[in-house]
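Trainee: Please take me through one part of this model in detail. I would like to look at the aromatic rings and what surrounds them.

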Amino acid sequence: MELSKSIYAKTPRLILRHMCLQDVVPFYTYRSAPSVAAFQSWENYTMEEAESFVHKQIAHSPNQPGTWFQFAIALAGTNELIGDCALHTPMPEPRIVEIGFTLAPEHQGKGYANEAVTALLHYIFQTLQKHKVIAFADVRNEKSIRVLERLGMRREGHLLQNYMSKGKWVDEYQYSILQSEWIEMKGGGD
Ligand SMILES: CC(C)(COP(=O)(O)OP(=O)(O)OC[C@H]1O[C@@H](n2cnc3c(N)ncnc32)[C@H](O)[C@@H]1OP(=O)(O)O)[C@@H](O)C(=O)NCCC(=O)NCCS
């Protein structure tokens, strides 16, 4: 299927698209929610940070070694921003990439993260032809762990005191999936 330049993937309920200026307020609103920030690096997220972040992402494109790209997750019917998912393409080995994801609290519990990240993995493995995807989850972040395990990602490690969050070292699980595993799981279809 041919998608417009700013749309990376479509699912029955969602689109993964480039960020746009209208995203600043909803992005700020969910990033500043304490439940969303609980297991993240940021605290007291400000509107200025949101503006700067969205402006940088508008000028950015995915799959640039050494950078993070944030895909907007929007409702297919209204184009409303309900969250984002991230692609980190590291400099030394850009064939192994890292992902992350966030949903606004009022859009959680509906399977949207599973739907969006499934589409993201499809894009990463089929379009970008990456070798392996990894993700890190704070060991206390049960919702994130459930998302990763539902996707079929494997827990590869328990990394002790691997991340500084709210002034404390916290343990993380590392999850991963290989391109070959993804293709086998999805039956090799496009
Ligand atoms: C991590 C996060 C995205 C998970 O969100 P989520 O809404 O729990 O995940 P999903 O959208 O996949 O929804 C799954 C839930 O919806 C339920 N659900 C309801 N309707 C559904 C449907 N039509 N299809 C699938 N699942 C559905 C599932 O049963 C599941 O509930 P459960 O986990 O209690 O069993 C969210 O908690 C978040 O944004 N957290 C803050 C940011 C963060 O910590 N990110 C992780 C960093 S890696």
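**Aromatic rings, close up**

Mentor: Start at tryptophan 42: arginine 31 lies over its face, 3.9 Å from the ring centre. Bear in mind that this is a predicted model. Tryptophan 42 also belongs to a cluster, in which ring pairs link Phe27, Tyr30, Trp42, Tyr45 and Phe53. Take two of its members. Phenylalanine 27 and tyrosine 30 sit in helix H1 (residues 24-31), three residues apart, or about one turn of the helix. Both are buried.

Now the wider count. The structure holds eleven aromatic pairs. One of them joins tyrosine 8 and phenylalanine 69, edge-to-face, at 5.7 Å centre to centre with 70° between the planes. This pair links distant parts of the chain: tyrosine 8 is in strand E1, phenylalanine 69 in strand E3, and 61 residues separate them. Tyrosine 8 has 15% relative accessibility; the cut-off for buried is under 20%, so tyrosine 8 counts as buried. Phenylalanine 69 is buried too, at 0%. Back in helix H1, the ring centres of phenylalanine 27 and tyrosine 30 are 5.6 Å apart and the planes stand at 75°, so this pair is edge-to-face.

Next, the sheet that holds E1 and E3. Its eight strands run in the order E1-E2-E3-E4-E5-E6-E8-E7, with mixed pairing, and the sheet is open. Strand E1 (7-10) and strand E7 (154-165) are at the edges; each has a single partner strand, so one side of each lacks a neighbour in the sheet. E3 (residues 67-75) runs antiparallel to E4 (residues 81-89), joined by eight bridges.

One last ring: the charged end of arginine 155 sits over tyrosine 173, 3.6 Å from the ring centre.

Key
Residues numbered from 1 in each chain as written. Predicted model: local features only at pLDDT ≥ 70, side-chain atom pairs only at ≥ 80, totals over all residues. Heavy atoms only, no water. Pairing = 2+ DSSP bridges. Helix = DSSP H or I, 4+ residues; strand = E, 2+ residues; numbered from the N terminus. Phe/Tyr/Trp six-rings, centres within 6.5 Å; stacked < 30°, edge-to-face > 60°. Buried < 20%, exposed > 50% of the residue type's maximum accessible area, 1.4 Å probe, protein only. Lys NZ or Arg CZ within 6 Å of the ring centre and 35° of its normal.
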